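Biologist: Before we rely on any label in this model, could we go through the reasoning behind the labels one at a time?

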Amino acid sequence: MTPPGWAGLTLDRPRVMGILNVTPDSFSDGGTHVDGDAAIAAGRALAAAGADIVDVGGESTRPGAVPTDPAEEIRRIRPVVRGLAAAGILVSIDTRNAATMEAALDAGAALVNDVSALAHDPDAAPLVASRRVPVVLMHMRGTPQTMAAHAAYADVTGEVIAELAARIAAAAAAGIAPEAICLDPGIGFAKREAHGIELLRRLPELAVLGRPLLVGVSRKRFIGRLSGVAEPRERLAGSLAAGLFAVSRGAAILRVHNVFETVQALRVWHALSG
Ligand code: HH2
């Protein structure tokens, strides 16, 4: 049986969302693509390397990050979204702000990726509902500035499932169709290392929510801790190991920095798993 698709993608094989941070301060690639033309070239390279989606973000959400003014966020992402969408690339906008979502959708973005699961901005859920676009609802508690203080769970998997179910209900109440939703456990967001490991091991339990799962582990802090590699850019091998593990536990889409290597690893994994 073929699993249902999402955002126009069939999910009969693992899919890849390539990360394009148009920020001066992202944790692993901040400052790399602040110039619009360079960012468009980088996004086209991600698509050429096999990314199914290019996720454009203009605000860092790393732990402790200072919020970006939406006007500045829009200034960063708009020309990049426009350039990539014009090239026929499926673009998602990684933002918590409704104004930024709207500007990105007007510029050609096809989907929304919100680390607050549409909780940060009261205008976000109505916007996503009225534009009828697919949306990633990611689990987090608090904000990137405060989330570390909220990383306390008696049963992390059960609590993440319950809190994501509440966000699905809030989305439905705003008029968002269930088929538009993709879910993400939010590795590294209000999670300690042990929480992230537990969530990845027990990822199959999130299937109870009935929606495809997207997972972001690329270069994250727990990869550094497990591997002893301090420099985020040197965490590719660990990121591939964690990504393949997530896919083997039911992740449908991986959000990654290194698209070429991830696509290669997934093709071999998928062929071998039959
Ligand atoms: N992680 C980051 C940002 N957005 N979105 C989803 N759905 N899932 C994630 O795991 C996720 C996300 C953080 O990573 P990155 O974009 O590399 O860094 P920064 O937030 O510093 O820009």
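**Labels and their reasons**

Modeller: Let us begin with alanine 177, which is placed in the loop between helix H5 (156-173) and strand E6 (181-184); please keep in mind that the model is a predicted one.

Biologist: Why is alanine 177 called partly exposed?

Modeller: Its relative accessible area is 35%, and the term partly exposed covers what lies between the limit for buried, under 20%, and the limit for exposed, over 50%; alanine 177 is therefore partly exposed. As for its surroundings, the C-alpha atom of alanine 177 is 9.9 Å from that of valine 128, while the two residues are 49 apart in sequence.

Biologist: What makes histidine 257 buried?

Modeller: Histidine 257, in the loop between strand E8 (253-256) and helix H9 (259-273), has a relative accessible area of 10%; buried means under 20%, so histidine 257 is given that label.

Biologist: How do you know that the side chains of histidine 257 and serine 218 are joined by a polar contact?

Modeller: The contact between these two side chains has a length of 2.7 Å, and the cut-off for such a pair of N or O atoms is within 3.5 Å, so the distance satisfies the criterion.

Biologist: Why is aspartate 35 called partly exposed?

Modeller: Aspartate 35 belongs to the loop between E1 and helix H1 (36-48), and its relative accessible area is 47%; exposed would require over 50% and buried under 20%, so partly exposed is the label that applies to aspartate 35. Its C-alpha atom is separated by 9.5 Å from that of threonine 23, a residue 12 positions away along the chain.

Biologist: Turning to the ligand, what makes the pairing with aspartate 184 a polar contact?

Modeller: An N or O atom in the side chain of aspartate 184 is 2.6 Å from a nitrogen atom of the ligand, and since the limit is within 3.5 Å, the pair counts as a polar contact. By the same cut-off, serine 60 also qualifies, with a polar side-chain atom 2.7 Å from an oxygen atom of the ligand, as does asparagine 113, with a polar side-chain atom 2.8 Å from a ligand nitrogen.

Biologist: How much of the ligand's accessible area does the protein cover, and which residues surround the ligand most closely?

Modeller: Of the 480 Å² that the ligand has on its own, 98% is covered by the protein. The ligand is surrounded by 19 residues, the closest being Ser26, Ser60, Thr61, Asp184 and Lys220, and this shell divides into seven nonpolar, seven polar and five charged residues.

How values were computed. Residues numbered from 1 in each chain as written. Predicted model: local features only at pLDDT ≥ 70, side-chain atom pairs only at ≥ 80, totals over all residues. Heavy atoms only, no water. Near = heavy atom within 4 Å. Polar contact = N/O pair within 3.5 Å; in protein donor to acceptor, adjacent residues only side chain to side chain. Areas by Shrake-Rupley, 256 points an atom, 1.4 Å probe, with all protein chains shown as cover. Nonpolar A, V, L, I, M, F, W, Y, C, P; charged D, E, K, R; others polar. Helix = DSSP H or I, 4+ residues; strand = E, 2+ residues; numbered from the N terminus. Buried < 20%, exposed > 50% of the residue type's maximum accessible area, 1.4 Å probe, protein only.
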